[in-house]
Amino acid sequence: FENMVHFRTAAVAAIAVVGMGMSSSAFVPSSLSPSLTKSMPSTSSRLMVASVESTDISDGSATTDIPKITAEKLPQIPFKKIMAANRAEISVRIQRAVTELNSGSVAIYVDEDRYGQHRWGADESFLLEKESGATPISAYLDIDQIIKIAKEADVEAIHPGYGFLSESPQFAQACVDAGITFVGPTVENLNTFSDKTSARTAAIAAGVPVVPGSDDALRTAAEVNDFVDEIGLPIIIKASMGGGGKGMRVVRNREDLIPFYESASSEALASFGDGSVFIERFVDKPRHIEVQIIGDGEGNVIHLWERDCSIQRRHQKVIEMAPAWSLPDDLRAELHDYAVKLTSAAKYKNAGTVEFLIDSENRPYFIEVNPRIQVEHTVTEEVTGIDVVQTQIRIAGGASFEEIGLKQENIKPRGVAIQCRVTTENPERDFAPDTGTISLYRHSAGAGIRMDGVGYSGLAITPYFDSMIVKYTARGSSFAETV
């Protein structure tokens, strides 16, 4: 290792050390500056940068025209310790971003997840307790317990991931009250956009076209009946809070209305802690296009182009791609403008996604804002080269667009990326979530292939959580090459 540092190179050596649980100082070569080694953290999986004097390999004489990289020139660490308040794939993704930013990662887990990668992959992990008979999901929704763990572990910021508490204004406010930074939108943003009915109101005020539907959340069967009397069928029932296809039902026949409402409301309550719904006219066979945006909280918003998420099953995305390569350019620009206009007016902060339906005549309709990271953020990262999760953390830490290097004119998609979700489902039972133990698990790999997930041989699949275990993202110079 020391010989590597002392090689006569014409460049500056950046040395990344993964300690795997051992003190990182054990890997520091003796030639490094004492002041630099003292500032290095003692936890594992940290990035360390050594300034190495450049030399000319042709004649051995030193050169001075190549700038040195020093610790002072690196981006400031936004937080010393960050918690991923989630599980499985997205928790691991957050931990990776945290580690790459040279911060400490903290995980939470329930007993059913005790062998999960998100538990043993973090620098620290803490068990969530739950009452006897309570579901494992309930522990991941326990705001008081999560905040208590974070405070006791000296966590400075919490990233909620997606699902669970990611869109909860109450959770964001609890973080604020505890003096912990919430890595996501402001409480005001969440109050506006986590509830799809208030998001719809904001879209109308911003001049963004919407699908005809209910202006307020509906909480009783009588309210649902009365509204459908006005709008007619077919309609789609959606959970007011949350996403991921949960709490959604298409109603084409009147006799299905109340049973579908009750099942949608029950599913929404179990998944998001809120059983209210809203209703929209059903747009048959639309394209589902979403625009990734990032705001600084001051009214400045940039977009990272769009994604096509039209391939779905039961209203849940299965395959996503970026950009929406077959979208007409004028419609693409219109969607970008709508997304930026809506979120700028709200002084949106951090990452979010503005989602649209495109009907058969290429007319766009706003459907929702997802005020959080999305499962499919990977395809955007692949074509833009921008790490969305790291950007979230840095903005939460107070960095400006200029400091991060975000300029709209410089953000262009390169090639096409397609993501496929791999789930544990049984096709003989109408693709119901399956359980059991994975006997053999092998990753795909190679140029243009990215893997985000938590699978391994011997992994026990339980019935308590979402069935997705891994996402594969392929990237190529064109749609045909990527496919």
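# Close-up views of a predicted chain

**View 1. Asp430 sits in the loop that links two strands, S17 (425-426) and S18 (432-433).** Helices (H or I, at least four residues) and strands (E, at least two) are DSSP runs, numbered from the N terminus. This is a predicted model, in which local features need pLDDT of at least 70 and side-chain atom pairs count only at pLDDT 80 or more, whereas totals for chains, interfaces and linings use all residues. Residues are numbered from 1 along each chain as its sequence is written, and side-chain values use heavy atoms, with hydrogens and water left out. Although Asp430 is a residue other than glycine, its phi is positive, near 60°. Asp430 counts as exposed, at 54% relative accessibility; here buried means under 20% relative accessible area, exposed over 50%, and partly exposed in between (1.4 Å probe, protein chains only).

**View 2. His315, in the loop between S12 and S13, is another residue with a positive phi.** The angle is about 65°, and His315 is not a glycine. Its relative accessible area is 28%, so that His315 is classed as partly exposed.

**View 3. Two cis peptide bonds, each leading into a proline, are found in loops.** Leu233 and Pro234 are joined by a cis peptide bond with omega at about 0°, and Pro234 belongs to the loop that runs between helix H10 (221-231) and strand S8 (235-239). A cis peptide bond also joins Ala322 to Pro323, with omega at about -10°, and this proline, Pro323, lies in the loop between strand S13 (316-322) and helix H12 (329-345).

**View 4. Helix H3 (residues 88-100) packs against helix H14 (residues 388-396).** Their axes lie 9 Å apart and meet at an angle of about 60°, where axes are lines fitted to C-alpha atoms, for helices over the stretch in contact, and angles run from 0 to 180 degrees between N-to-C directions. The crossing of H3 and H14 is right-handed, a term used when the near helix is turned clockwise from the far one by less than a right angle. From H3, the residues Arg93, Ile94, Ala97, Val98 and Glu100 meet Val389, Gln390 and Ile393 of H14. The residues of this contact comprise 5 nonpolar, 1 polar and 2 charged; Ala, Val, Leu, Ile, Met, Phe, Trp, Tyr, Cys and Pro count as nonpolar, Asp, Glu, Lys and Arg as charged, and the others, Gly among them, as polar.

**View 5. Ile393 takes part in the largest nonpolar core, which has 30 residues.** Such a core is a set of buried Ala, Val, Leu, Ile, Met, Phe, Trp, Tyr and Cys residues joined through side-chain atoms within 4.5 Å. Ile294, Ile302, Leu304, Ile393 and Leu406 touch the most other members. Two or more residues are supplied by each of strand S3 (81-84), H3, strand S12 (301-313), H14 and helix H15 (401-404), and H14 gives the most, with 5 residues. When neighbours within four places in sequence are left aside, Ile393 is in contact (heavy atoms within 4.5 Å) with Pro78, Phe79, Ile82, Ala97, Val98, Leu101, His159 and Val183. Another core, of 28 residues, lies apart from this one and includes Leu128, Tyr140, Ile147 and Phe171.

**View 6. Ser91 is a buried residue of helix H3.** Its relative accessible area is 0%. Beyond neighbours within four places in sequence, Ser91 is in contact with Ala84, Asn86 and His118. The C-alpha atoms of Ser91 and Gly161, which are 70 residues apart along the chain, are separated by 6.8 Å.

**View 7. Helices H6 (residues 143-152) and H7 (169-177) each have buried residues covered by other elements.** In H6, the buried residues are Ile143, Gln145, Ile146, Ile147, Ile149 and Ala150, and their cover includes S3, strand S4 (104-109), strand S5 (124-127), helix H5 (136-140), strand S6 (157-159) and H7. In H7, the buried residues are Pro169, Phe171, Ala172, Ala174 and Cys175, with H6, S6, strand S7 (181-182) and helix H8 (187-193) included in the cover. H6 is followed by Asp154, whose phi is positive, near 60°, while Gly179, just after H7, has a positive phi of about 75°.

**View 8. Residues 1-64 form a stretch in which pLDDT stays under 50.** pLDDT is the predictor's confidence in each residue, from 0 to 100. The model has 91 contacts beyond four places in sequence for residues 1-64. Where pLDDT is low, the predicted coordinates should not be read in detail. For the protein chain, the mean pLDDT is 86, and 84% of the residues reach 70 or more.
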